[in-house]
Amino acid sequence: YQRRVHGKQWYQRRVHGKQWYQRRVHGKQWYQRRVHGKQWYQRRVHGDKDKKKDGDDEKKDDKKDKEEADEDEEPPEEKSNFRQALATMGIALVAVGEEIGQEMALRSFNHLLQYGEPKVRRAVPLAVALNSISHPQYAVADLLSKLSHDHDPIVGQCAIVALGLIGAGTNNARIATMLRQLTGYYEKEPDHLFCVRIAQGLLHMGKGLMTLNPLHSDRMLTSKVGLAGILTMIFACIDIKRLLLDKRHYLLYSLVLAMKPRMLVTLDEELK
């Protein structure tokens, strides 16, 4: 009577249950996917092929990470050369703020360019810039201009950034002309062009109303915070390919610690 009144489908669902009815109507595959989930069904249908494929991909990724780690790990000779590059920076730090010391340091840098290791030669333009921050002397600018065309691309990149540091905020016409010429010379080299743009930004910092100056009180006192900001950026330039030209370009913001207004600021008795 129930089958006659309600129909065959209602009767099967009533007698055998909801699960049996869904399996009967929608098929075995639909029911398995509904009960056990999509992942279980895919694994059941496709077998262990996907699992084996995932395992192979993981092995390839591990091998790739290991190769990258081996590339990043420097041999002992490179570490020794890095210490020599830091020693080159030390020469510039000793001579900061002294005119006679700067001339003697510049002479030492010329010797290092002729006889130094490649890592030391890459540090020389940065050390020269540290010696003349926001003080574009003719001899220093001429030396950095020659180094910007060096056969070692990293020496050239460091020299271009150094040109921006020695002319930071000065709007120096001679350095601006050099940087414009370098823009045309390196128009097909994206890394060099990036360094040129950074140098141009430093040269015209705040349209000439800002400067980088770690010294104050007529160059008698040194601002440790400002000097630390400049050193952070310069040390990043020693390994410029893996830092500033890769994913650590935000280290350029450390120069903010050494920025000061290049204009007269008047205060009242309340320092306002």
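Is C158 buried or exposed? C158 is buried, at a relative accessible area of 0%. Buried means under 20% relative accessible area, exposed means over 50%, and partly exposed lies in between (1.4 Å probe, protein chains only).

This is a predicted model, in which local features need pLDDT of at least 70 and side-chain atom pairs count only at pLDDT 80 or more, while totals for chains, interfaces and linings use all residues. Residues are numbered from 1 along each chain as its sequence is written, and side-chain values use heavy atoms, with hydrogens and water left out.

## Overview

The protein has 14 helices and four strands. These are DSSP runs, numbered from the N terminus: helices are H or I with at least four residues, strands are E with at least two. Of the 272 residues, 36% are buried. Take the contacts between residues at least 6 apart in sequence: 65% of them join residues at least 24 apart. A contact means heavy atoms within 4.5 Å.

## Two cysteines

The disulfide count is zero. A disulfide here is a pair of cysteine sulfur atoms within 2.5 Å. In chemical terms, it is a covalent bond between the sulfur atoms of two cysteines. Why is C158 not bonded to C237? The closest cysteine sulfur to that of C158 is in C237, and the two are not bonded because 5.9 Å is too far. Seen from the other side, C237 is in no disulfide, and its nearest cysteine sulfur is that of C158. C237 is also buried, with 0% relative accessibility.

## A buried aspartate

D150 sits in the loop between α10 (138-147) and α11 (153-166). D150 counts as buried, at a relative accessible area of 15%. Which residues does D150 touch, leaving aside those up to four places away in sequence? They are R121, V155 and G156. With R121 there is a polar contact, side chain to side chain, at 3.0 Å. A polar contact is a pair of N or O atoms within 3.5 Å; within protein, one must be able to donate a hydrogen and the other to accept it, and residues adjacent in sequence count only if both atoms are side-chain atoms. The side chain of D150 also has a polar atom 2.9 Å from the backbone nitrogen of D152.

## Two positive phi angles

Most residues other than glycine have a negative phi. N171 has a positive phi although it is not a glycine. L271, also a residue other than glycine, has a positive value too.

| Residue | Phi | Place | Relative accessibility |
|---|---|---|---|
| N171 | about 55° | loop between α11 and α12 (173-185) | 34%, partly exposed |
| L271 | near 60° | segment after β4 (259-261) | 66%, exposed |

## The second largest pocket

The second largest pocket holds about 200 Å³ of space. On a 1 Å grid over the protein atoms alone, a pocket is an open set of points where a 1.4 Å probe fits, with protein on both sides within 12 Å along at least five of seven lines; lining residues have an atom within 4 Å of a point. Its lining includes E99, F109, H135 and R219. Two elements, α8 (99-115) and α9 (118-131), each give two or more residues to this lining. The largest share, five residues, comes from α8. By type, the lining has four nonpolar, five polar and three charged residues. Ala, Val, Leu, Ile, Met, Phe, Trp, Tyr, Cys and Pro count as nonpolar, Asp, Glu, Lys and Arg as charged, and the others, Gly among them, as polar.

Note on methods: Grid points are joined across faces, edges and corners, and a volume is the space filled by probe spheres set on the points.
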